[in-house]
Every structure is written in C-alpha cells, then in structure tokens.
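Biologist: I am new to this structure and would like to go through it slowly, one question at a time. Could you show it to me first?

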Protein chains: 2
Amino acid sequence: MKYCSECGSSRLERRLQGHDTHYRMFCGECDKVFYHNPKMIAGCIVEHEGKFLMCQRAINPRPGSWTLPAGFMECGETVEEAAVREVWEETGARVEIVAPYSLFSVPQIDEVYIMFRARLLEFTDQPGPETAEARLLAPEEIPWENIFYPAIKDILQRYIAEYNKSSFGMYLGCSQEGTVHFAH
Amino acid sequence: MKYCSECGSSRLERRLQGHDTHYRMFCGECDKVFYHNPKMIAGCIVEHEGKFLMCQRAINPRPGSWTLPAGFMECGETVEEAAVREVWEETGARVEIVAPYSLFSVPQIDEVYIMFRARLLEFTDQPGPETAEARLLAPEEIPWENIFYPAIKDILQRYIAEYNKSSFGMYLGCSQEGTVHFAH
C-alpha cells in the first residue's frame, strides 16, 4: 500500500491511536485509517455412500494436487452459502450443509478455514475451470501423498475415522500447533 | 475507494475477469485488483458458578447497552486468540477456550461472529476503556431488555438453557433466517 485510497496522498504512516490496541496504517493527509483483517475460507467435506468428494487443482498454486473443495468467502453471503457455492464451483456438485466440522486458523497468512459436513444432492461432474477433475473417492482411492495442505489431509483423515464410528466432533486448530479435538 | 493504493491512479473500474465469478474493483492504470472480504468477530460466553460474563458498552454504537465480550479478529492471531484477547480487553477477565459454540453470519454488513464457550481463570474487574462495566451476572440479573443485538440475546438464552441441561450444541445462524440448531 503506497497511496491513500480516499484522497490519493502518499503520506501514509503507522500509528497507535486513541484506545486502539493495534498499530494501524493512517493517511497523514485525510486521516483515514486502513484496517487489515484475516480472510475466511469456507468449504465442505461431502460424504456419499462411503466416498468423499475431492477435486484436483487445475491452477496455481499446486496444480495437479488434490484437495477438499473450499475457497474465499465473498461479501454478501453467509459462511454456509460460501461453502456450498465453492463446492459447486470447484466440483459441479450441489450439496446441503449438515453441520460445522472444523475451524482452523493459519495466522502466518491471516486465513481462517471453516469446513462443514455436507450431504450430496446432485453430482453433475462438470467442475469449473479451476478444477482438473472432481471425484467421489473411497478412502483407499484418495491420493494421500498428493494432498498438499497438511491441515486438509489431517481433517479428512479424522473425518473418515469418525465416519467409521458414526460420531462426529468439532475441531479447532492452528497450523502452528496442530489440530485439537473437542468432543461434544 | 477513489484511488489505487498501489499507483495512486483514479482510474478505478469494476470488471469480471478471467474465471472469476465475482465483479472486482481494478485499477485501470496498473491492473491491481482489490478484493473485499467479510470480517470475523470473535468472542466468548464465559460461565462461572452459574453466572455469565457480560460487559456494558462505554462507546458507540449503543453506549449503555450490555453484550457478550467480542470484537474484530486481527491479523497474526488465531480465532481463539482473538476471542481470548477481546474478553481480556473488554472485561479484564482471563479465560481459556473450551469449545466453539456459535457461527453466525450477518451478510448485510459482511460480518461473521464466532463465539466460544470459555472458562474463567481470573477476573480482575479492570475492563478496558471501551467498557463501562463488566460483571458476572446470574440469569435473573441479566438486563435482557438492554441487549441491543438480537443474535447475542438469542445465543445467550440458548446457552443458559443448555447449561441447565449440561448439554451443549453448536449453532449456525444468519441474521436474516434466525438461528438454526445443530446437535452433535
């Protein structure tokens, strides 16, 4: 950030102001304050007849790797709507939310992942352009070595273990500390 | 937003580009894209010996009204750290997270509330400058008519009902549709 988006001035400065507990970027000309906040990524674990919906990335980063469908939440939608939309865009599957499953922070890059359990309504097998292939995979078919993000692998492994026991918890985790299980 | 924060140009335009599913603001000069994403608010329901930690706002909006301690998540922290920090700043209480309790979207203003159940470790009764008063209140002492946000009142009422049954669920909700209960 080099210019004020309100007045165009280049007199930007970092300040701790008033009762605020964090330094912020201010415009030295018009006094506008610029807040930066973490972003939310929403997605789903979709199980159908013992298989799990995954997609192979067609774009950067990590083209060719497999993951769970998820993406940035947009303005004007709920977290659940974001998760359902991302599944549709990335896999061509229509799903409905069952329950929240995982809340995972990645403070190094200011992202928070919220993953839901979801039920498959329709699988068109027509994923969007960001996806090379979308498939329902049995646990033994999942390309475990080709899942790039450890958090995604971890969540999916736990989910499958819980699915086999028909008892689901809710996970809180952080990429620095590993995932913590909270049973309800 | 009137000027590009990267090059200072005022040639800003809305475009739908490439595979993107949403219109974005672009700089017509340097081509930078500006994303706007929802913000997360994290807080806690802290129960201690049958009483619930609440704070009375000293600042706008709604000074004098009571609420649960919560505030904007900052960059560089986890959601849990944000919730614990906000409780400390707004009530002077040190707490530890027990489990996530509520995930509530307010798409009209692009906010998502994540509330945790938390355990009281220490109550210094020295809240920060945004709070007029912080108190542990028994259910019959809670100023129900002076809680401005319906979602906060709703979450607290459900929590107390569940506390009396010693069985906690996890809530998903939206300010447009009311709160939905998902039992685990």
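Modeller: What follows is a set of questions and answers on a predicted model.

Biologist: To begin with the overall make-up, how many helices and strands does chain A have?

Modeller: The C-alpha trace of chain A spans about 60 × 35 × 30 Å along its principal axes, and 34% of the 184 residues of chain A count as buried. Read along the sequence, the elements of chain A follow the pattern β-β-β-β-β-β-β-α-β-β-β-α-β-β. Chain A thus has two helices and 12 strands.

Biologist: Chain A is divided into domains, so how far apart do the C-alpha centres of domain 1 and domain 2 of chain A lie?

Modeller: Domain 1 of chain A covers residues 1–36, and domain 2 of chain A covers residues 39–182. Taking the C-alpha centres of domain 1 and domain 2 of chain A, the distance between them is 37 Å.

Biologist: Turning to strand 11 of chain A, is it mostly covered or mostly uncovered?

Modeller: Side chains in a regular strand alternate between the two faces of the sheet, so each face can be considered in turn. On one side of strand 11 of chain A, Met170(A), Leu172(A) and Cys174(A) are buried, and on the other side Tyr171(A) and Gly173(A) are buried as well. With five of its five residues buried, strand 11 (residues 170–174) of chain A is mostly covered.

Biologist: Which residue in strand 11 of chain A is the bridge partner of Phe104(A)?

Modeller: Strand 8 (residues 93–106) of chain A runs parallel to strand 11 of chain A, and four bridges join the two. Within strand 11 of chain A, the partner of Phe104(A) is Gly173(A).

Biologist: Which strands are the edge strands of the open sheet of three strands in chain B?

Modeller: This open sheet of chain B has the strand order 1-2-3, with antiparallel pairing. Strand 1 of chain B and strand 2 (residues 24–27) of chain B pair over four bridges, and Glu13(B) has Phe26(B) as its bridge partner in strand 2 of chain B. The edge strands, each of which pairs on one side only, are strand 1 (12–15) and strand 3 (33–34) of chain B.

Biologist: Which element of chain B gives the largest share of the side that touches chain A?

Modeller: The contact takes 42 residues from chain B and 42 residues from chain A. Strand 4 (39–48), helix 1 (79–91), strand 8 (93–106) and strand 11 (170–174) of chain B are the elements that give two or more residues to the side of chain B that touches chain A. The largest share, four residues, comes from strand 8 of chain B.

Biologist: What kind of axis relates the two copies?

Modeller: Chain B can be laid on chain A by a turn of 180 degrees and a shift of 0.0 Å along the axis, with an RMSD of 0.0 Å. The two copies are therefore related as by a two-fold rotation axis.

Biologist: Finally, is Pro129(A) buried or exposed?

Modeller: Pro129(A) lies in the loop between strand 9 (111–123) and strand 10 (131–137) of chain A. Leaving aside neighbours within four places in sequence, Pro129(A) is in contact with Ala58(A) and, from the other chain, with His19(B). A residue counts as exposed if 12 or fewer other C-beta atoms lie within 10 Å of its own. Because Pro129(A) has 11 other C-beta atoms within 10 Å, Pro129(A) is exposed.

Terms used:
Residues are numbered from 1 along each chain as its sequence is written. Chains are lettered from A and ligands numbered from 1 in the order in which they are written. This is a predicted model: local features need pLDDT of at least 70, side-chain atom pairs count only at pLDDT 80 or more; totals for chains, interfaces and linings use all residues. A residue is buried if 20 or more other C-beta atoms lie within 10 Å of its own, exposed if 12 or fewer, and partly exposed in between; C-beta atoms are placed from the backbone. Two strands pair if DSSP finds at least two bridges between them. Two residues are in contact if their C-beta atoms, placed from the backbone, lie within 7 Å. Domain bounds come from an automatic or database domain assignment. Copies are superposed by least squares on the C-alpha atoms of residues with pLDDT of at least 70 in both.
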